[in-house]
Each structure stands twice: as C-alpha cells, then as structure tokens.
Amino acid sequence: MDYAASNSSELKVFFAKSRSPTRRSTEEADRLTEDILQPLVAGDEFEEEEFEGSGEITYTLSEAVEKIGFGKFQIKMLLIVGFFTIADALEMMLLSILGPTIRCIWHLPAWKEAMVTTVVFVGMMFGSSFWGWLADRYGRKTVIVICATWIFYFGFISSFSPHYYWIIALRCLVGFGIGGAPLSTTLLAEFLPSSARSYCILSLSFFWSIGSCFTVGIAMAVMPTLGWRWLLGILSLPLLCFILMSFWLPESVRYLVTAGEKEKALIMLQKTARTNKKELPCGYLQDAGENGKQGRIADLFSPEYRKTTILLWFIWVNLAFTYYGIVLMTTEMYQGLNESEESGGGSCNADSNSVKNPDCGCQLLTVTDYTDMMWTTLAEFPGIIVTMLCIEKLGRKKTMAVQFLLTAMCYFLLFICSGRTLMTVFIFGVRGFISGAFQGFYVYTPEVYPTVVRALALGCCSAMARIGAMVTPFISQVLLRVSLRLALGVYGVTSLVCVAFTLMLPIETTGRPMVVSFEPFSRSFSLL
C-alpha cells in the first residue's frame with residue numbers, strides 16, 4: 001500500500017495502525033496522535049479536503065466507551081478510586097470515635113460533642129458545590145488530587161489541636177475537602193460501559209466498608225495506649241499514598257470533549273482501547289458538546305431536570321441524615337442499654353433517665369463498644385450485595401424505593417422492647433439497607449445528568465446531604481437521650497417519605513446512555 005504524496009505537511013493522511021505498514025523514522029514521534037485523529041475507512045488513498053466534504057463516518061463518546069468495554073484500564077481505575085474511598089471512610093468513621101473521646105477528656109457538654117460531627121458536614125456542604133463547580137471547569141483529576149492534598153494536610157495537623165475550638169476549626173476544613181470526594185465516583189462512571197457501570201460504582205461500597213472496619217480496628221489498637229492524636233495522624237496517611245497513586249489516574253474523556261480538548265480526548269481513548277486490547281469504532285469522534293457551555297446551578301432547574309433536582313435534593317438530605325444517624329446512634333444505644341441493665345431497669349427502659357448522660361462522669365469507649373461498631377460496619381456488606389443483585393433487574397428506582405421501605409421497617413422494629421441480640425439484628429438491617437440505598441443513588445445521580453453539569457449536580461446533591469448530616473448528631477446523640485422512640489420515629493418517617501419521592505423520579509437510568517449536553521428549554525438531547 002502506498003501513501004498519498006503531498007507537498008504540505010498539514011495535508012498528510014494517516015490510516016489506523018491496523019491498516020498501515022511501519023512508518024518512516026521521521027514520522028515516529030507523531031505516530032500516536034496522528035493515528036487516532038484519522039478515520040478507519042475503506043480505500044487506499046484520500047485527500048483530507050475531499051473526505052471532509054463527503055459524508056464521513058462518526059461515532060459518539062458513549063459508542064466508544066461501549067466498544068472499548070470493561071477491562072484492565074477500568075480495573076486499575078477502580079482500585080485507585082477505591083483506595084481514595086477507603087481514605088475517605090477513615091476520616092468519616094473517625095467521627096463516631098472522636099466525639100465521645102474528646103467529650104470525656106475535655107469534659108464537654110452534649111451539644112459540643114454533637115458539634116464535632118456537625119462542623120465536618122458544614123464544611124462538606126460548602127465544599128461539595130465548590131469542588132463540583134471547579135471540576136466542571138478544570139477537570140475531574142486535577143480537583144480530586146487537590147481535595148486529597150487538602151484533606152491530608154488539615155487532617156494531619158488537626159491531631160495537634162491544643163483545645164476544643166482548634167479541633168472544631170480544623171475538622172471543618174477537613175470536611176470542606178471531603179466535599180470533593182464524590183468527584184472520584186463521577187470520574188470512574190464516565191469510563192464505564194453501561195453494562196458494568198452500576199456494579200463498579202456499587203463495588204466502591206466495599207472499599208468504604210473496608211475503610212470503616214480499618215478505622216475501628218486501628219482505634220481499638222491505638223486508643224488505649226497512644227490516644228486520639230495518634231489516631232488522627234495515622235488515619236490521614238493513606239491520603240498521602242493516594243496522592244502518589246494519582247499519577248496513574250486519567251482525566252475524564254467526557255470532560256475533555258466538553259471542554260474542547262478533542263485531541264487529548266482521542267489520545268486517552270486510544271490508550272484505554274490499547275490497554276483493554278480493543279479497537280475504537282470506525283470514523284471520527286463527534287464534536288457534540290465540544291464548545292458547549294459549562295454547567296451552572298440554574299441548568300439543574302431547566303424544564304427537563306427541575307423535578308428530578310428537587311426530588312434528589314430531598315432524598316440526598318435523608319440519605320446522609322439516616323446513614324450517619326444510625327452510625328452515631330449505635331454506640332449510644334448500646335451504652336444506654338448497658339447502663340439500663342446495670343441499674344436494674346432492663347432492656348425496656350430506653351426512654352427513662354437511665355440513658356447515658358454525657359455531662360455526668362466520663363466513660364471512654366470500651367472494647368465491647370468497638371466490637372459492636374465493627375459488627376454494625378460489617379452489616380453493610382450484605383446490603384451492598386443485595387443492591388448489586390437487584391439494581392439491574394428491578395431498575396434503579398424500584399431497588400432504592402424498596403431499600404428505603406425496609407430501612408423504615410427496621411427503625412420501627414427498634415420500638416419493640418427486645419434484648420441486645422434482637423436490637424443488633426434491627427440495627428444491622430438499618431445499616432445495610434440505607435448503605436445500599438446510598439450507593440444506589442451514587443449510581444443514579446451521575447447517570448441522570450448531562451456531562452456539562454454532572455459533577456456540579458453530584459456536588460450539589462452531596463451538599464444537600466450534608467444538611468441532613470449536620471442535623472443528625474442532634475437527633476442521634478441529643479434527642480436520643482430524651483426519648484429513644486421519638487428519635488427512631490423521626491428517622492422512620494423520613495425514610496417512608498423517601499419511598500414515595502424515589503418512585504416519583506421522572507427518569508429511570510437503567511440501560512440509558514449518558515447524556516453530554518442539553519438545550520435548556522427543549523427536549524433535544526445530545527448523547528455521547
């Protein structure tokens with residue numbers, strides 16, 4: 001096969017590697033970029049101007065992702081993002097240990113103990129929208145690395161806090177960085193074919209649970225001898241490892257296309273295809289969204305997405321409200337049960353004054369408390385597995401609605417006067433079902449919005465979730481000491497409301513291609 005001769009270097013035509021002989025040495029430096037910029041077409045010789053004037057073959061980004069499929073490239077991404085999820089879980093599960101510890105050491109009242117958790121979520125609320133907005137303009141990878149560096153720095157120096165107000169300020173800044181953690185889920189989702197997307201994102205829950213178990217295990221070993229400062233310092237170190245691992249983290253191809261960086265997007269697509277030992281589709285990559293506008297919060301309330309946005313915001317508030325509520329409530333319920341039994345009130349005395357009053361005395365977490373926390377964390381694994389088995393067969397909406405319903409049922413079952421074992425079973429049910437619903441919405445939310453607002457939308461949903469998480473310490477740690485049944489009823493009722501709201505979502509994303517852009521006041525969508 002002969003190459004077409006041309007006196008202008010700008011009119012050189014190169015064919016795909018699978019159709020071309022070895023190039024001359026002068027062409028080797030530009031081989032990668034020039035190969036992927038050319039189409040796979042039939043014939044021996046073409047002039048670029050003639051081809052552009054004809055009806056060329058094109059493919060969308062979704063078609064490229066589907067053709068490349070799931071392989072080694074996605075597995076490597078999953079492990080890197082999963083490690084970041086573990087590091088994120090370390091900082092979050094720390095809250096259920098840090099609050100009771102510094103309350104005892106610094107003799108804090110109940111509301112100050114609750115504030116230790118609340119300020120973290122205040123920071124996350126502001127950080128979520130900020131990092132999401134930044135990622136839609138400067139790229140997912142860049143912002144994720146900045147977030148990890150931010151969390152590591154402020155997490156580590158918070159271990160040197162001299163008094164209560166320093167720990168409040170520094171943990172709030174840690175929360176601001178954690179607000180950007182969901183961007184890693186967005187980045188992973190944009191490289192996944194539809195057949196593997198839900199399973200891969202749900203698998204991140206396993207990494208979260210591993211991180212949660214690791215937190216409790218390290219606390220059990222470190223707290224009795226070294227104390228909480230060493231615990232904070234040790235648990236921040238995995239973030240430093242992730243920063244080093246981020247060298248192998250790719251930038252989002254969908255972001256590159258939307259930002260007009262088509263050449264970089266094509267290079268990344270070929271790298272992905274080569275790693276998976278697959279080929280790209282024939283033709284040119286479509287320019288859809290190449291010069292499209294970047295996302296704005298107002299776009300989330302366009303006619304196509306207004307109802308979805310309002311419903312999702314309320315649902316995400318309750319997801320964090322319920323999940324972190326049961327995390328914080330578990331230790332309180334076990335300690336209250338122990339004190340009731342020791343005082344002769346029995347396990348039915350949950351609403352009496354025998355429930356632990358943190359303003360009187362000082363009781364550090366015991367080995368039994370850490371063991372119970374470990375068991376409740378392990379309860380997330382079956383919830384995740386059930387979600388993975390059902391989310392493709394039943395669909396996103398039905399699966400998550402059922403999980404909210406079962407969460408509410410388990411909360412109401414905790415009203416029953418029961419012993420420690422049965423209470424543990426019901427707590428496991430709440431923890432498992434709500435964690436499955438949480439991960440289900442981490443699948444659904446990036447799928448339902450276009451690329452131009454996807455990170456911003458997930459960031460806003462995450463910010464709304466932090467409102468629920470900010471409130472929940474005052475229900476699970478303060479109101480609980482007034483009336484256990486009242487606290488449980490609040491969580492049960494809000495979960496029932498979310499059953500209806502989930503079923504009211506107008507879009508089912510199961511098997512639906514990801515959307516790259518949209519016209520604000522029409523139903524003309526561009527699919528990539």
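At what angle do helix α4 (residues 72–93) and helix α5 (residues 95–106) pack, and how far apart are their axes? The first close-up takes this up, and the views that follow come from the same predicted model.

**View 1. Helix α4 packs with helix α5.** In this predicted model, the two helices meet at an angle of about 25°, and their axes lie 5 Å apart. Because angles under 35 degrees count as roughly parallel, α4 is roughly parallel to α5. On the α4 side, look for Glu91, Met92 and Met93; on the α5 side, Leu95, Ser96 and Ile97 make the contact. Sorted by class, the residues of this contact are four nonpolar, one polar and one charged.

**View 2. Helix α15 packs with helix α18.** Here α15 (residues 367–378) and α18 (residues 420–448) pack at about 45°, with 9 Å between their axes. That angle makes α15 oblique to α18. From α15, the contact draws on Thr368, Asp372, Trp375, Thr376 and Thr377, while α18 offers Arg420, Ile427, Phe428 and Arg431. Three nonpolar, three polar and three charged residues take part in the contact of α15 with α18.

**View 3. Helix α6 has a kink.** Follow α6 along residues 110–138 and you will find 29 residues. At 1.5 Å a residue, the helix should span 42 Å, and its end C-alpha atoms are indeed 42 Å apart, so the two values agree. Within α6, a kink of about 30° is centred on Val116. Just after the helix, Gly139 adopts a positive phi of about 105°.

**View 4. Two stretches have pLDDT below 50.** Across the protein chain, pLDDT averages 76, and 79% of the residues score at least 70. Over residues 288–292, pLDDT is below 50, and this stretch has 13 contacts in the model beyond near neighbours in sequence. Residues 345–361 also stay under 50, with 40 contacts beyond four places in sequence. Please go gently with such regions: where pLDDT is low, the predicted coordinates should not be read in detail.

How values were computed:
Residues are numbered from 1 along each chain as its sequence is written. This is a predicted model: local features need pLDDT of at least 70, side-chain atom pairs count only at pLDDT 80 or more; totals for chains, interfaces and linings use all residues. Side-chain values use heavy atoms; hydrogens and water are left out. Helices (H or I, at least four residues) and strands (E, at least two) are DSSP runs, numbered from the N terminus. The expected span of a helix is 1.5 Å times one less than its number of residues. The bend at a residue is the angle between axes fitted to the seven residues ending there and the seven starting there. Axes are lines fitted to C-alpha atoms, for helices over the stretch in contact, and angles run from 0 to 180 degrees between N-to-C directions. Angles under 35 degrees count as roughly parallel, over 145 as roughly antiparallel, 65 to 115 as roughly perpendicular and the rest as oblique. Contact means heavy atoms within 4.5 Å. Ala, Val, Leu, Ile, Met, Phe, Trp, Tyr, Cys and Pro count as nonpolar, Asp, Glu, Lys and Arg as charged, and the others, Gly among them, as polar. pLDDT is the predictor's confidence in each residue, from 0 to 100.
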